[in-house]
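Trainee: Could you take me through one part of this model closely, with its surroundings, at a pace that lets me follow along in the structure?

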Amino acid sequence: MFYGFREGCDEISDDDDAHLIPSLVKRIVLPLVTTLAESVWEPLSSQQTRRLSQLVSRLMEDYPTVSIGSKNTEAMLTVILKRLRKAVDDVYVPLFSKVQLESSTKHSEFLNRQFWSCVKLLGNIAMWVDMLPSDSLKQLAVDGLLNRHLLLSLKNSPVNITLVDKAKKIITLLPMEWCQSDNNLTGLSQYLVSLSELLEYSTPNHEKVITRDAVTQIAELLETIGAPEHSELVIREHTLKVNR
């Protein structure tokens with residue numbers, strides 16, 4: 001597959017042989033990958049998504065014929081984005097009341113399964129950074145999953161420190177550039193500040209040490225997503241309460 005390709009060489013030489021494989025990749029391999037992405041790939045599968053994204057990334061890095069602007073490349077990326085959008089549209093995370101979740105194991109288990117399935121899809125979408133348009137990926141991941149489903153699920157869940165672990169997992173899946181630039185993570189930062197307050201007020205005195213550790217994690221998460229002012233607020237408010 002890498003016949004005619006020399007690592008470290010950005011340009012294809014005038015040798016006809018050097019043009020052969022890049023041309024075949026453009027005319028044969030890309031349409032095949034497009035068909036697989038449209039008919040075989042399951043966007044909810046992390047294994048399949050990782051393999052497909054690694055293949056596309058390698059093709060884009062190694063062959064000048066696989067680039068933005070190329071008709072077959074654009075067709076492939078359009079199909080991939082379309083499949084991701086369809087997967088986001090099909091997401092279902094139920095909204096149960098806290099009373100229902102606290103009184104029914106069945107409800108809480110179902111919500112948990114759907115929540116983590118949504119988180120999994122978030123991670124799969126993030127695998128396409130640097131290959132698909134950043135604005136489109138942000139719209140799917142942040143607006144389509146985080147703000148529409150994941151935050152609502154967290155807000156409607158019984159308050160306990162497991163919510164910190166869930167928020168931490170979400171943040172670890174977000175590309176760093178999304179966290180350190182102008183983004184739509186305001187809802188997440190506001191939720192984390194609110195969670196720190198709810199944990200403080202709802203935790204029994206004998207568990208205050210555990211709560212303090214959780215709040216420290218929340219402050220660190222706020223720093224990670226580019227909200228240092230919220231992080232300082234959490235630390236200051238928590239310290240005031242602890243020192244009383």
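Mentor: What follows is a close look at helix α5 and some of the residues and helices around it. Please keep in mind that this is a predicted model. Helix α5 runs over residues 105–126, and because its 22 residues should span 32 Å at 1.5 Å a residue, the 32 Å between its end C-alpha atoms agrees with what is expected. Along this helix, the buried residues begin with L111, F115, C118 and V119, and they continue with L121, L122, G123, N124, I125 and A126. These buried residues pack against α2 (46–62), α3 (71–89), α4 (98–103), α6 (134–155) and α7 (162–173).

Some of these partners can be looked at in turn. Helix α3 has 19 residues and reaches 27 Å from its first C-alpha to its last, close to the 27 Å expected at 1.5 Å a residue, and its buried residues include T73, M76, L77, V79 and I80, as well as R83. In helix α6 you will find H149, which is counted as buried because its relative accessible area of 14% falls under the 20% cut-off. Leaving aside residues up to four places away in sequence, H149 touches C118, along with V91, V93 and G144; C118 is itself among the buried residues of α5. Helix α2, in turn, holds L59, which is buried with a relative accessible area of 2%. The C-alpha atom of L59 is separated by 9.0 Å from that of L30, although the two residues are 29 residues apart along the chain.

Note on methods: Residues numbered from 1 in each chain as written. Predicted model: local features only at pLDDT ≥ 70, side-chain atom pairs only at ≥ 80, totals over all residues. Heavy atoms only, no water. Helix = DSSP H or I, 4+ residues; strand = E, 2+ residues; numbered from the N terminus. Expected span 1.5 Å × (residues − 1). Buried < 20%, exposed > 50% of the residue type's maximum accessible area, 1.4 Å probe, protein only. Contact = heavy atoms within 4.5 Å.
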